[in-house]
Amino acid sequence: MSRSRLLSCLWCGREIVDSESGRRRRYCRQSCRQRAYEHRSSLKGTGIPEDAVVLTAQEAADLADRWFAARCAAEDVATAVGEGASPAELTELSATLLQLAREAERLR
């Protein structure tokens with residue numbers, strides 16, 4: 001019986017579905033693996049830890065925007081609960097929150 005594990009790409013943060021057998025996947029695709037290698041190579045000799053996450057100003061701003069959207073969606077859910085929203089409305093708001101939270105997990 002093969003069970004799958006849910007992992008995140010070490011470069012972009014996208015979800016990776018990995019099987020129980022074999023070596024654990026670290027990247028979702030070859031391009032992410034290549035970007036991670038280039039990143040590690042560029043940090044050699046700088047004193048910055050190899051596992052450090054270095055984001056451009058735009059990547060950091062995009063990440064902040066994704067987290068802000070997720071927080072706003074969470075506030076919408078809390079408001080709807082406080083106002084006695086219907087189960088259908090709460091289901092819809094929860095689905096939106098879940099999607100935004102998944103997007104916010106991506107670093108790049």
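Q: What makes the pair E15 and R102 a salt bridge?
A: In this predicted model, the closest N and O atoms of E15 and R102 are 3.6 Å apart, and a salt bridge requires a side-chain nitrogen of Lys or Arg within 4 Å of a carboxyl oxygen of Asp or Glu, so the pair is called a salt bridge.

Q: How many salt bridges are counted between domain 1 and domain 2?
A: The count is one salt bridge, while the count of residue pairs in polar contact between the two domains, both at pLDDT 80 or more, is zero. On the side of domain 1 that touches domain 2, the residues divide into three nonpolar, one polar and two charged.

Q: How do you know which residues belong to domain 1 and which to domain 2?
A: The domain assignment of the chain gives 1–54 as domain 1 and 55–107 as domain 2, and their centres, taken over C-alpha atoms, are separated by 25 Å. Six residues of domain 1 are in contact with six residues of domain 2, and the two domains bury about 500 Å² between them, 53% of it on carbon and sulfur atoms.

Q: Why is C9 in no disulfide?
A: A search of the whole structure finds zero disulfides. The cysteine sulfur nearest to that of C9 belongs to C12 and is 3.7 Å away, whereas a disulfide needs two cysteine sulfur atoms within 2.5 Å, so the pair does not qualify. For C12, the nearest cysteine sulfur is that of C28, 3.6 Å away, and C12 is likewise in no disulfide.

Q: Why is C12 called buried?
A: C12 has a relative accessible area of 5%, and buried means under 20%, so the term applies. C9 is also buried, because its relative accessible area is 4%.

How values were computed
Residues numbered from 1 in each chain as written. Predicted model: local features only at pLDDT ≥ 70, side-chain atom pairs only at ≥ 80, totals over all residues. Heavy atoms only, no water. Domains from an automatic or database assignment. Contact = heavy atoms within 4.5 Å. Buried area = accessible area lost by both parts, 1.4 Å probe. Polar contact = N/O pair within 3.5 Å; in protein donor to acceptor, adjacent residues only side chain to side chain. Nonpolar A, V, L, I, M, F, W, Y, C, P; charged D, E, K, R; others polar. Buried < 20%, exposed > 50% of the residue type's maximum accessible area, 1.4 Å probe, protein only.
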